[in-house]
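Biologist: I'd like to go through the labels people put on a model like this. Let's check each one against its cut-off.

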Amino acid sequence: MMEEFFLTNQKESQEVFFRIVESVCKAAAKVIEEASAETESSQDGNTVTAYSGLPPLELRRLLNSGSILPDDGKGFDAVIKHMEAAVLPNLVRTASPGYMAHLHSPVLLESLAAELVISVFNQSMDSWDQSPAATEIEVLVVKELCRLFGYGEEADGVFTSGGSQSNTTAILLARDYICRTKLQHDVKKLGLPAGYRKFKMYASEVSHFSMEKSAHLLGLGYNAVEKVPVDSRRKMDADKLEELVERDIAAGCIPFCIAVTAGTTDYGSIDPVDRIAALCKKHGIWLHADAAYGSGLIMSQKYKSRLGGINSCDSITVDFHKMFLQPISCGAVLVKDGANFSSLELHADYLNREEDEEDGYINLVGKSMQTTRRFDALKIWTSFQVRGRNGWDNIISTCVDNASYVYGKLSGGTDFETISPPEISSVVFRVLPSTEKEETFTDEMNKSIRRTLLHKKGIVIGQTVDSGRVFLKFTLLNPTVTHDYLDKLLELILSLRNDYMPQS
Ligand SMILES: *Cc1c(COP(=O)(O)O)cnc(C)c1O
């Protein structure tokens, strides 16, 4: 039984707090320690495998044994022991150099500490009286972000649960803005205008699926999203976009938003923002940048120019639980003219009274789709100060350099096929058979190599489909990954290929 409930001024409560937090820390460190790979070369770097747990069915069986709601509590020690035995070893270890499947990052130590503060104090960002300093810090962090992305004084932003929510928020503001300015229609009060089926938004064919999801959530449906073809580098084809927009306008449609992707989920490709900005300007269309992945580039002196004139976009999705190495969840949406957030403003007597706001109490709920909301801004406040501009520059530039290094190794030979040079830190490739084989053989071989890496080698890499064929993917978000590690990984992949090839 657990006697204590909360962290209070009572000595007993504090002792329990220290003890249980310490025991969780120790359990985590122990499981990670045990997961370090037995490598032939006795190197003393980070050799933790990304996964050495059970395959899906066995794992389900293990976790399904015993009731999770017993009549009488078992107490903390018993539960943490069970967690240490059954749960922790079967989690992926995101800080492993071999964890590179998704845009799913390891987490910085200082942000872990901030995360503990976030939970211990449990502030809620909806109103000032639930989050006094937290509200002020989110405002400060948002200001700094607006400056970083080259926005002016009118800009504003809000923290979100991540890229998807940022995209939905931005597209909602875009929809309402166009209704207000082009149709003199207030969506907030009246719902969608009669001609809403004519609304069109545009995103590339390799954009994130939150575009369609947002269109659905906003009452417009998937069909409102025109998927624009991409060029050979998987960047939106600006000529095709222009044709589509002009075709739609001529047909009486209302293009309300163009969403460029600054860092596509699979390839990290960046749509040509500058050309598209000119098109938006010409037709009065809201320009949104989905920089969930690519936003990290802003920290790199060497690579930030790849984002182009991102500050000409009306809104920007920034995700911190990807390149910025923050614990989930942590994202933001920035808006060039913050007045557009009025779409989300609504006053309630029990929460965010207008009279309070007149007296200087800031209630951030007026900019968010959420009500109760986490103090995620603290993690950025902390890790920006801990690492500074130079520390961040180094983190991001290293990851981008690693991708271009591995691309160099993959391209040019006959063992691998690549798609295009990486603009950020993802490299998509496939392994080619050592003798001529059918495409379906190559597909199956690549799938098998990925599964073998996952279950036999503790390495988690990505898999996707490009032009109907199976491809593999490295997503390099971990700045401690070395060229040597990448060399060895490619050697390992080639040896798995050779094992897979039929022996003659
Ligand atoms: C990851 C990603 C998203 C979604 O972000 P979440 O934080 O997972 O909601 C949106 N767009 C792009 C381009 C992404 O890579």
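Modeller: Let's start at the ligand: one of its oxygen atoms is 2.7 Å from an N or O atom in the side chain of Asp319. Before we go on, this is a predicted model, so local features need pLDDT of at least 70 and side-chain atom pairs pLDDT 80 or more, while totals for chains, interfaces and linings use all residues. Residues are numbered from 1 along each chain as its sequence is written, and side-chain values use heavy atoms, with hydrogens and water left out.

Biologist: What makes the Asp319 pair a polar contact?

Modeller: The label needs a pair of N or O atoms within 3.5 Å (within protein, one must be able to donate a hydrogen and the other to accept it, and residues adjacent in sequence count only if both atoms are side-chain atoms). The Asp319 pair is at 2.7 Å, so it qualifies. Ser164 also gets there with its side chain, again at 2.7 Å from a ligand oxygen. Gly163 uses a polar backbone atom instead, at 2.8 Å.

Biologist: And how much of the ligand does the protein bury?

Modeller: Taken alone, the ligand exposes 380 Å², and the protein buries 85% of that. Those areas come from the Shrake-Rupley method with a 1.4 Å probe; for residues, only the protein chains shown count as cover.

Biologist: How many residues surround the ligand, and how do you know they count?

Modeller: There are 15, and the closest are Ser164, Asp290, Asp319, His321 and Lys322. A residue counts as near if one of its heavy atoms lies within 4 Å. Helix H6 (residues 163-183) gives the largest share, three residues. Helices here are DSSP runs of H or I with at least four residues, and strands are E runs of at least two, numbered from the N terminus.

Biologist: Why is Asn90 called buried?

Modeller: Buried means under 20% relative accessible area, exposed means over 50%, and partly exposed is in between (1.4 Å probe, protein chains only). Asn90 has 12%, so it counts as buried. It sits in the loop between helix H3 (76-87) and strand S1 (99-100). Asn90 touches Tyr51, Gly53, Leu54, Leu59 and Leu62, leaving out residues up to four places away in sequence. Touching means heavy atoms within 4.5 Å.

Biologist: And Phe159, buried or exposed?

Modeller: Buried, because its relative accessible area is 1%. Phe159 belongs to strand S2 (residues 156-160), and its contacts include Phe320, Cys330 and Arg373.

Biologist: What makes strand S10 mostly covered?

Modeller: Six of the six residues in S10 (residues 426-431) are buried. Ser426, Val428 and Arg430 point one way, while Val427, Phe429 and Val431 point the other.

Biologist: How do you know S10 and strand S12 pair?

Modeller: Two strands pair if DSSP finds at least two bridges between them. S10 and S12 (residues 469-475) have four, so they pass, and they run antiparallel. One partnership there is Ser426 with Thr475. Strand S9 (residues 416-418) is joined to S10 by three bridges, also antiparallel, with Phe416 opposite Val431.

Biologist: Why are S1 and S9 called edge strands?

Modeller: Five strands form an open sheet in the order S1-S11-S12-S10-S9, with mixed pairing. S1 and S9 each have a single partner strand, so one side of each is left without a neighbour in the sheet.
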